[in-house]
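Grab a pencil and work through the exercises below. Try each task on your own before you read its solution.

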Amino acid sequence: MKAIGLHKYLPIEHEESLLDIEIEKPIPSGKDLLVQVKAISINPVDTKVRAPKEKVEEKPKILGWDASGTVVETGEDCTDFKPGDDVFYAGSITRQGTYSEFHLVDERIVGKKPAALAHAEAAALPLTAITAYEGLFDRLEIDPADKERNSRKSILIIGGAGGVGSIAIQLAKWAGLSVIATASRPETKKWAEKLGADHIINHHQSLKAELETFQISEVEYIFCLNNTDQHWRGMSEIIKPQGKICSIVENREPLDLNLLKSKSVTFVWEFMFTRAMYQTADMQEQQILLNKISELIDQGILKTTLNQTLSPINAENIKKAHQSLESGKTIGKIVLEHFTM
């Protein structure tokens with residue numbers, strides 16, 4: 001089968017950074033599904049894993065985690081899906097990725113593809129939707145059912161126009177929160193507003209000063225999706241006493257937790273691969289979560305965050321997508337569809 005892989009971890013401009021290859025079609029067992037991949041999306045984690053390092057893979061490393069496709073075979077322990085089912089998912093970072101015609105994935109982290117979406121539109125969602133949903137409702141512990149209480153609270157989403165921010169804005173609005181999103185360019189501001197943000201502020205300026213332009217001094221929640229180090233002091237200034245901060249971006253410098261102490265503020269990380277990576281007891285929660293996202297899409301409450309589609313799925317186009325992400329200027333999600341025959 002066709003796949004796109006690497007042997008060396010190189011700058012994306014290098015001709016060997018990603019290669020079109022042929023590998024054997026895998027065989028499912030246990031709780032694995034064999035999915036025929038129809039569309040994939042590219043995420044920052046793809047570029048981080050591919051980033052230059054002193055390591056050589058004897059067996060080609062296949063990147064990519066988001067996918068939408070059709071189940072063609074199932075392992076003997078599968079009970080939730082059957083051949084012919086259309087699914088979407090974000091896979092596991094500990095296994096081979098989705099840059100391949102066929103892909104093995106544990107059914108416990110797979111959801112039913114939204115009926116209202118084509119495969120390309122669905123592929124834009126899983127990783128970012130899981131990250132946003134877990135960040136908001138598991139880590140920040142916002143109850144999406146308590147909309148009346150949430151209507152009296154605000155959340156700041158730092159990085160509102162990116163992949164995770166694009167779905168987080170929609171989920172936070174669905175939960176009833178007042179949503180403040182950061183965006184710095186006219187096109188990213190327009191995108192965040194279109195998705196439902198109530199206020200837009202510039203994350204290149206003082207967060208406190210920017211909020212004050214809307215007569216807002218503090219927020220109950222902060223979801224940091226961009227540069228934890230840069231925003232750490234600013235977040236500590238504007239988080240409300242007993243508020244909560246969640247970040248998905250690893251820090252490079254030590255974080256001064258003492259800045260949060262007097263306010264009794266909670267700080268928590270979100271990493272959407274945790275459940276699959278550690279085979280946690282609640283691993284199936286990601287299937288439940290994705291099925292909920294699918295329902296919200298089909299009900300018209302959420303919409304896909306797809307903003308660019310490339311075809312076919314090959315090394316050349318995946319390189320283009322990686323370059324776009326590494327520029328730091330992408331809006332929404334980049335999706336690739338169709339393997340050439």
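A residue is called buried under 20% relative accessible area, exposed over 50%, and partly exposed in between, with a 1.4 Å probe and protein chains only as cover. You're looking at a predicted model, where local features need pLDDT of at least 70, side-chain atom pairs count only at pLDDT 80 or more, and totals for chains, interfaces and linings use all residues. Residues are numbered from 1 along each chain as its sequence is written, and side-chain values use heavy atoms, with hydrogens and water left out.

**Exercise 1. Positive phi**

Task: Find out whether Glu-141 is buried or exposed, and where Glu-141 is placed.

Solution:
- Step 1: Locate Glu-141 in the loop between H3 and helix H4 (147–150). Helices (H or I, at least four residues) and strands (E, at least two) are DSSP runs, numbered from the N terminus.
- Step 2: Check the backbone: phi of Glu-141 is near 60 degrees, a positive value in a residue other than glycine.
- Step 3: Glu-141 has a relative accessible area of 53%, so it's exposed.
- Step 4: Now try His-338, in the segment after strand E16 (333–337). Its phi is near 75 degrees, again positive in a non-glycine residue. His-338 counts as partly exposed because its relative accessibility is 45%.

**Exercise 2. Helix H3**

Task: Work out how many of the 14 residues of H3 are buried, then look at the ring pair in this helix.

Solution:
- Step 1: Twelve of the 14 are buried, which leaves H3 mostly covered. Among them are Pro-126, Leu-127 and Glu-134.
- Step 2: Tyr-133 and Phe-137 both sit in H3 (residues 126–139), four residues apart, or about one turn of the helix. An α-helix has 3.6 residues a turn, so residues three or four places apart point the same way.
- Step 3: Tyr-133 and Phe-137 make an edge-to-face aromatic pair, with 4.7 Å centre to centre and 80 degrees between the planes. Rings of Phe, Tyr and Trp (its six-membered ring) pair if their centres lie within 6.5 Å; planes under 30 degrees apart are stacked, over 60 edge-to-face, and the rest tilted.
- Step 4: Both Tyr-133 and Phe-137 are buried.

**Exercise 3. A pair across the chain**

Task: Say how many aromatic pairs the structure holds, then describe the one formed by Trp-65 and Phe-273.

Solution:
- Step 1: There are six aromatic pairs.
- Step 2: Trp-65 and Phe-273 pair edge-to-face, 6.0 Å centre to centre and with 65 degrees between the planes.
- Step 3: This pair links distant parts of the chain, 208 residues apart: Trp-65 is in the loop between strand E4 (53–62) and strand E5 (66–74), while Phe-273 is in the loop between strand E14 (266–269) and H10.
- Step 4: Trp-65 and Phe-273 are both buried.
- Step 5: Add Phe-271, and ring pairs link these residues into a cluster of Trp-65, Phe-271 and Phe-273.

**Exercise 4. Cysteines**

Task: Find how many disulfides the structure has, and why Cys-246 doesn't bond to Cys-224.

Solution:
- Step 1: A disulfide is a pair of cysteine sulfur atoms within 2.5 Å.
- Step 2: A search of the whole structure gives zero disulfides.
- Step 3: Cys-246 can't bond because the closest cysteine sulfur, in Cys-224, is 9.0 Å from its own, too far for a bond.
- Step 4: Cys-246 has 0% relative accessibility, so it counts as buried. Cys-78 is buried too, at 14% relative accessible area.
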